[in-house]
Amino acid sequence: MFKSIRWRFVLIYFLLVLLAMSIVGLFIITQLEHIQLDMSSKNMVTRIKTIFSSTTAMQQSDDWSQNIDEIQNSFKNGIQIGYNENVYVILNDEIKTIIAGSVEETIGQSAYNLNTINNYILTKSMEGNYVDIVPTEINEESVYHHMSYPIMQDEEIKGYIYLKTNIDYIYDTVDKSKEIMTQATAMALTITILLGLILSRSITGPIKDLTVKAKQMSEGNFDQKVEVKSNDEIGQLGKMFNFLIDELKISISKLHQEKSKMETTFKYMADGVLTVDKKGNIIHANPVARNIISLNNDNENFDNVMLNISENITLSEIEKKEYHGTIILHKNNETYKVDFAPFMDSQNEIGGVILVFKNVTEQYKIEKMQKEFVANVSHELKTPITTIKSYTETLLDGAMCEPNLAEEFLKVINSESDRMSRLVSDLLRLSRIEYEQTKWIKEKLNVKESIQDTYNKLKIYAKNKDISIHVVDIPKDMNILFDKDGFDQIILNILGNAVKYTPNHGNVWIDVKKQDKNINIIIKDDGIGIPKEDQKRIFERFYRVDKARTRELGGTGLGLSIAKHIADAHNSDIKVNSEVQKGTEICIIIPEYEID
Ligand SMILES: Nc1ncnc2c1ncn2[C@@H]1O[C@H](COP(=O)(O)OP(=O)(O)OP(=O)(O)O)[C@@H](O)[C@H]1O
Ligand SMILES: [Mg+2]
């Protein structure tokens, strides 16, 4: 209960008032008792003096022991003694004999032997001054004020008048005052508690309200305000609280917005993003990253996941590189460039690492192809150059003098030069097509006529190999929108291959069909065929199935690549279907030219 400010406040108030009232009460009562006793003391002196002045025997006698009877008589007959007082006339002799007084049975006794007389003040008064006392150890029910008054003559003490007065009335007054003070204190304390409760409620009420609302805020409810009733410190606290809520609301909404923006960005970005803390806990992974590292469960440890993928991308390896760097990762025929960098925590220390997985498969392939291309070109050029060089040297060394040999050598040199020139012009053509520098003049072409032209060009070559080319009767109404040279090049390369890779006395068929809205030109042979695993690669630059054999036949592996590029530029396609030792079927699919 006293943990709350409210009750502590009331308790402090209570104690303060209790303390103040007690001190004041004690002070007043002590003072009252003191004043009363003082007055009693003065009254007693006056009373003693009155008794003395009304006893002529005491006044006139130099030695009281000579006038005991007179003194006693004056007590019996003259002096009025009150019911609340006792008077003793004590002789200043050795044993302090009581010679007269209001208590007759004590006359003749030594004052020292009487319990009713306080020996201490009697002895003290022998010094010549009156002494009074209110004995504290009182067994009697009533309280008496004692006073011993020495009667002097010529600086000699004749005797003592000892007066005892009942002062119960003083203590009655003091007790009454105490009662009043206690009642006043009780009343003050009750009022204090009530006022304290009211006051503390006015302070703690708004604080309680603030606490409840702050708790709701911590649970994410920001749609609330504190009621501000005053302009004091509490009121200002309420105002500040309301201001804080508004500011928080704005900040949180901004944060939400930023977070959702970030999440959307991460979700839809092409690169994989993965955040890992220093202990290896995966904090965040976007869908691409999840897919790359095959992450199904968020609670998995980074190292456990990565160990199956690459030993280079574990947390300890990353730590060795001080959380900075790039690693190449190969997974499922894909190549990823993994860039990683540390992120800082609130203490500005490394909190973990962010990894970005970039799919560089294409780039990687292109780089590889470029390297291969340079190697292939160098290789292809090197062979004819070496041949030309060796034949030229032989000629210079004297072969020139033998006309037959010289002619044969020069023919070889000529054919090798042709081969080089063909290679270079093929390469140039290919590079122009690849870099889209070739300007295609797309025009309406008649398929029948165009095929016929190319067929005528190859007729001799086929005849030399005793290969029969069977051309179906192509309908005349088949037209395509194509660049003339481009189309001729495709047919020449494919038909050329059919003749080239078909042994002597073989057959080549040319068929043309309409299918859907396309025209399919099918060139078929019964030649050597292409193995299954090579079929998908024959459109790559310099790709030849049997390098040694094709070289013999003068092939460089560029023909189909050029044909494919031309077809691509005309929304067309080329498909292969082949079986080793049985033959090859190449189908060129071109959209039909339609007249609007
Ligand atoms: N009709 C076919 N029969 C068997 N193999 C073929 C046929 N057509 C192409 N090929 C194979 O495909 C490879 C690629 O053909 P491509 O036309 O691109 O190159 P090439 O004929 O060797 O040289 P180029 O055509 O540049 O003179 C050839 O080397 C050959 O091995
Ligand atoms: Mg070819």
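**Close-up views of a predicted model**

**View 1. Strands β6 and β10 side by side.** Six bridges tie strand β6, residues 272-277, to strand β10, residues 350-359, and the two strands run antiparallel. To find one matching pair, start at V273 and look across to β10, where V356 stands opposite. As with everything in these legends, the model shown here is predicted. It helps to recall that strands of a sheet pair through backbone hydrogen bonds, in either a parallel or an antiparallel way.

**View 2. The open sheet that holds β6 and β10.** Now step back a little to see five strands forming an open sheet, in the order β7-β6-β10-β9-β8, with antiparallel pairing. Which strands stand at the edges? They are β7 (282-285) and β8 (325-331); each has a single partner strand, so one side of each is left without a neighbour in the sheet. From one strand to the next, the twist averages 20 degrees.

**View 3. How the protein is divided.** Four domains make up the division of this protein: domain 1 covers 5-173, domain 2 covers 269-359, domain 3 covers 365-433 and domain 4 covers 439-591. How far apart do the C-alpha centres of domain 1 and domain 2 lie? The distance is 106 Å.

**View 4. A hairpin made by β1 and β2.** Strand β1 (residues 85-91) and strand β2 (residues 98-101) run antiparallel and are joined by three bridges. Follow the chain through the hairpin and you will pass six residues between the two strands. One residue in that turn, K96, has a positive phi of about 55 degrees. For a facing pair, look at I90, which has I98 of β2 opposite.

**View 5. The sheet around the first hairpin.** Here β1 and β2 take their places in an open sheet of five strands, arranged β2-β1-β5-β4-β3 and paired antiparallel. At the edges are β2 and β3 (131-133), each of which pairs on one side only. Neighbouring strands of this sheet are turned against each other by 20 degrees on average, if direction is ignored. Within the sheet, strand β4 (residues 144-153) pairs with strand β5 (residues 156-166) over 10 bridges in the antiparallel sense. One landmark of that pairing is H145, with T165 of β5 opposite. When you trace any such strand, keep in mind that side chains of a regular strand alternate between the two faces of the sheet.

**View 6. Two helices lying across the strands.** Helix α1 (residues 5-53) lies across β1, β3, β4 and β5, and runs at about 125 degrees to β5. Helix α3 (residues 68-78) lies across β1 and β2, running at about 25 degrees to β2.

**View 7. Helices α12 and α13 crossing.** The axes of helix α12 (residues 447-464) and helix α13 (residues 484-500) come within 10 Å of each other and cross at roughly 35 degrees. Is this crossing of α12 and α13 left-handed or right-handed? The crossing is right-handed. On the α12 side, the residues that meet α13 include I451, L458 and Y461, while on the α13 side they include F487, I491 and L495. Sorted by class, this contact holds nine nonpolar, three polar and three charged residues.

**View 8. The surroundings of ligand 1.** Which residues are the closest to ligand 1? They are Y501, V545, G555, G559 and L560, out of 24 residues that surround the ligand. Two elements, α13 and α16 (559-569), give two or more residues to this shell. By class, the shell has nine nonpolar, 11 polar and four charged residues.

**View 9. Strand β17 and its partners.** Strand β17 (residues 583-591) pairs with strand β15 (residues 518-525) over eight bridges, in the antiparallel sense. A pair to look for here is I519, with I590 of β17 opposite. Strand β16 (residues 573-579) also runs antiparallel to β17, and seven bridges join them. Among the residues taking part, V576 has I586 in β17 as its bridge partner. β16 and β17 form a hairpin with three residues between the strands, and in this hairpin Q581 takes a positive phi near 70 degrees.

Terms used: Residues numbered from 1 in each chain as written. Chains lettered and ligands numbered in written order. Predicted model: local features only at pLDDT ≥ 70, side-chain atom pairs only at ≥ 80, totals over all residues. Axes fitted to C-alpha atoms, helices over the stretch in contact; angles between N-to-C directions. Helix = DSSP H or I, 4+ residues; strand = E, 2+ residues; numbered from the N terminus. Left-handed = near helix turned anticlockwise from the far one by under 90°. Contact = placed C-beta atoms within 7 Å. Nonpolar A, V, L, I, M, F, W, Y, C, P; charged D, E, K, R; others polar. Pairing = 2+ DSSP bridges. Near = placed C-beta within 6 Å. Domains from an automatic or database assignment.
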